[in-house]
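Here are my notes on the chain, in numbered points. Please read them with the structure open.

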Amino acid sequence: PARPPLYLRHLHRFELGTRYPDIIQAVRKLLSSPPIRPLLGHSVLLVDKTGVGAAVVDGFRQAGVNPWAITIHGGSSVTWEHQGARVPKRDLVAAVQTLLQSSRLKIAEGLDLAPTLKKELLNFRVKIDPKTAHDSYEHWREGDHDDLVLATALACWYREDRSATIERVHAGY
């Protein structure tokens, strides 16, 4: 359908200090295990490539998982790269806001981390400096407990971008 919802059906938070190879293997196992059918090859894994994320993306690729690498930046436009994109923080935030405000982000209540995600989303703030009109983001990669917001933001942005592209193709643009 046009403007489809995003159903958030799985959340996982790894313990701080978990080694990246262990995370990669756990994610690969998750993608290869069926709830209905294995997700590996039938879905898109989005990985934050910002900072040390480039090594994580390389680790996934070496393990046979080819993620879309998203590099988060403070600019104003999306740029496409091979198997990924550079995306402004504001675009990620806008995607979450759009889906929440239109009631299209559906978070499964039965998820153990659903209340945690909701708390993180409620604590997340966008501030606009009235003198410079520059936007800043509280709890955006500054603390240890915004990983669920980041994961959700990546999924929301990707879904909104892909849905818009699909709608343009079907409309003949």
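1. K118 first. This is a predicted model, and in it K118 is partly exposed, because its relative accessible area is 31%, which falls between the 20% and 50% limits. K118 forms a salt bridge with E109. The closest N and O atoms of that pair are 2.6 Å apart. The partner, E109, is exposed, at 59% relative accessible area.

2. Salt bridges overall. The count comes to 6. Another of these pairs is R19 with D22, whose side chains meet at 3.4 Å, N to O. R19 counts as exposed at 51% relative accessibility. That value sits just on the exposed side, because exposed means over 50%. D22 is partly exposed, with a relative accessible area of 40%.

3. The R13 pair. R13 forms a salt bridge with E120, and their closest N and O atoms are 2.3 Å apart. R13 lies in the loop between β1 (6-8) and α1 (20-32), while E120 belongs to helix α4 (residues 114-123), so the pair ties together parts that are 107 residues apart in sequence. What is the burial state of E120? At 9% relative accessibility, E120 counts as buried, because the limit for buried is under 20%. R13 counts as partly exposed, at 25%. The pair also belongs to a network of salt bridges that links R13, E120 and D147.

4. Chain layout. The chain has 5 helices and 8 strands. Along the sequence the pattern reads β-α-β-α-β-β-β-α-β-α-β-β-α.

5. Strand β3. This strand covers residues 68-73, and 5 of its 6 residues are buried. Which strands pair with β3? One is β2 (residues 46-48), which runs parallel to β3 and is joined to it by 3 bridges. Here V47 has A69 as its bridge partner. Between β2 and β3 the chain passes through helix α2 (residues 53-62), and this β-α-β crossover is right-handed. Strand β5 (residues 84-88) also pairs with β3 in the parallel sense, over 5 bridges. In that pairing, T71 stands opposite R86.

6. Main core. The largest nonpolar core has 28 residues. Those with the most contacts inside it are L92, I107, L117, C156 and W157. Two or more residues come from each of β1, β3, β5, α3 (89-101), β6 (105-107), α4 and α5 (147-171). Helix α5 gives the most, with 8 residues.

7. I107 in detail. Which residues does I107 touch, leaving aside its neighbours within four places in sequence? I107 is in contact with L8, A114, L117 and L121. L117 is also listed with I107 among the core residues that have the most contacts.

8. Second core. Apart from the largest core lies another, of 12 residues. V27, V57, F60 and V65 are among them.

9. Whole-chain figures. Buried residues make up 35% of the 173 residues. The accessible surface comes to about 10900 Å², and 55% of it belongs to carbon and sulfur atoms. Among contacts with a separation of 6 or more, 52% are between residues 24 or more positions apart.

Key: Residues are numbered from 1 along each chain as its sequence is written. This is a predicted model: local features need pLDDT of at least 70, side-chain atom pairs count only at pLDDT 80 or more; totals for chains, interfaces and linings use all residues. Side-chain values use heavy atoms; hydrogens and water are left out. Buried means under 20% relative accessible area, exposed over 50%, partly exposed in between (1.4 Å probe, protein chains only). Helices (H or I, at least four residues) and strands (E, at least two) are DSSP runs, numbered from the N terminus. Two strands pair if DSSP finds at least two bridges between them. A crossover is right-handed if, with the strands pointing away from the viewer, the path from the first strand over the helix to the second runs clockwise. A salt bridge is a side-chain nitrogen of Lys or Arg within 4 Å of a carboxyl oxygen of Asp or Glu. A nonpolar core is a set of buried Ala, Val, Leu, Ile, Met, Phe, Trp, Tyr and Cys residues joined through side-chain atoms within 4.5 Å. Contact means heavy atoms within 4.5 Å. Accessible areas come from the Shrake-Rupley method with a 1.4 Å probe; for residues, only the protein chains shown count as cover.
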